[in-house]
Each structure stands twice: as structure tokens, then as C-alpha cells.
Amino acid sequence: MAAAGASSTGDDGRRRVAERLPRAVSELLQHEIDHLDGVLSIDRAEGAPADAVIYRRVYDAAEAAGERRFVDAVDYVIEPTV
């Protein structure tokens, strides 16, 4: 698996570099950059089936019912940190 990195310049003018970011952090960073560029996650859903995007309430209801159909449909799940 490839690793992502990022560099930035802070308000103080100092350059900051982060190398080999974890996958979840890399995806979060890409998600936020996409926001700045006006790109939505649905814009990146190449070849996805029509039901690939679901309402949060549908996901929450399935999870509350103990169903794993959405979790099992992806190769990993980002675990909550709080």
C-alpha cells in the first residue's frame, strides 16, 4: 500500500512536513482538499452501483438492527476516536 504525505506553511511562515501518513489520515486530508476544490465524494465514485450512496439514517437503522451489510461492503471501516 502506498503512503501519502503532505507539506504546508504555517501562519508563522515555518514549513511543516508529514510523511507516510496513516490511510485514514490520508483519506481525511484528501476529503478536505476536495472540499476546497469543490469536489464531492460522490464525484469520485467511479463505477459505483446506483445504491452505493445511502442516507445516514438508513445506515444507522441497519447498524442499530445489527445488520452488517454496509460494513461488509467495504474493505475497512474507520473506527471512531471519540
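**Figure 1. Bridge partners in the β1–β2 hairpin.** In this predicted model, Thr 9 has Arg 15 as its bridge partner in β2. A further bridge partner in β2 is Ala 18, which is matched with Ala 6. The two strands, β1 (residues 4-9) and β2 (residues 15-21), run antiparallel and pair over five bridges. Five residues lie between the strands of this hairpin, where Gly 13 has a positive phi near 85 degrees. In general, side chains along a regular strand alternate between the two faces of the sheet.

**Figure 2. Backbone of Arg 20.** Arg 20 is part of strand β2. Its phi is positive, at about 50 degrees, although the residue is not a glycine. For most residues other than glycine, phi is negative. Arg 20 is exposed, with 67% relative accessible area, a value that lies over the 50% cut-off for that class.

**Figure 3. Overall arrangement and confidence of the predicted model.** The protein contains two helices and two strands, and their order along the sequence is β-β-α-α. Of its 82 residues, 6% are buried. Among contacts between residues at least 6 apart in sequence, 12% join residues at least 24 apart. Mean pLDDT for the protein is 83, with 84% of residues at 70 or more. Confidence is lowest in helix α1 (residues 23-37), where the mean is 87, and highest in β2, where the mean is 91. Predicted coordinates should not be read in detail where pLDDT is low.

**Figure 4. Salt bridge between Glu 27 and Arg 23 in helix α1.** The structure has five salt bridges, and the views in this figure and the next two show some of them. Here Glu 27 pairs with Arg 23, and the closest N and O atoms are 3.4 Å apart. Both residues belong to helix α1, with a spacing of four residues, or about one turn of the helix. Glu 27 is partly exposed at 36% relative accessible area, and Arg 23 is also partly exposed, at 33%. Side chains of opposite charge can pair when their charged atoms come close.

**Figure 5. Salt bridge between Arg 56 and Asp 60 in helix α2.** The side chains of Arg 56 and Asp 60 form a salt bridge with an N to O distance of 3.0 Å. Because the two residues are four apart in helix α2, about one helical turn separates them. Arg 56 counts as exposed, with a relative accessibility of 59%. Asp 60 is partly exposed, at 34% relative accessible area.

**Figure 6. Salt bridge between Arg 69 and Glu 67.** Arg 69 and Glu 67 meet through their side chains at 2.7 Å, N to O. Glu 67 has a relative accessibility of 39% and counts as partly exposed.

**Figure 7. The aromatic pair of Tyr 59 and Phe 70.** The count of aromatic pairs in the model is one. The ring centres of Tyr 59 and Phe 70 are 5.9 Å apart and the ring planes stand at 35 degrees, so the pair is classed as tilted. Tyr 59 belongs to helix α2 (residues 56-64), whereas Phe 70 is in the segment after α2, so the pair ties together parts eleven residues apart in sequence. The relative accessible area of Tyr 59 is 21%, and the residue is partly exposed. The buried class requires a value under 20%.

**Figure 8. Arg 57 over the ring of Tyr 55.** The charged end of Arg 57 sits over the ring of Tyr 55. The distance from this charged end to the ring centre is 4.8 Å.

**Figure 9. Surroundings of the buried residue Asp 34.** Asp 34 is located in helix α1. With a relative accessibility of 6%, Asp 34 counts as buried, since the class takes values under 20%. Neighbours within four places in sequence aside, the contacts of Asp 34 are with Val 39 and Arg 44.

Definitions and conventions: Residues are numbered from 1 along each chain as its sequence is written. This is a predicted model: local features need pLDDT of at least 70, side-chain atom pairs count only at pLDDT 80 or more; totals for chains, interfaces and linings use all residues. Side-chain values use heavy atoms; hydrogens and water are left out. Rings of Phe, Tyr and Trp (its six-membered ring) pair if their centres lie within 6.5 Å; planes under 30 degrees apart count as stacked, over 60 as edge-to-face and the rest as tilted. Buried means under 20% relative accessible area, exposed over 50%, partly exposed in between (1.4 Å probe, protein chains only). A charge sits over a ring if NZ of Lys or CZ of Arg is within 6 Å of the ring centre and within 35 degrees of the ring normal. Two strands pair if DSSP finds at least two bridges between them. pLDDT is the predictor's confidence in each residue, from 0 to 100. A salt bridge is a side-chain nitrogen of Lys or Arg within 4 Å of a carboxyl oxygen of Asp or Glu. Contact means heavy atoms within 4.5 Å.
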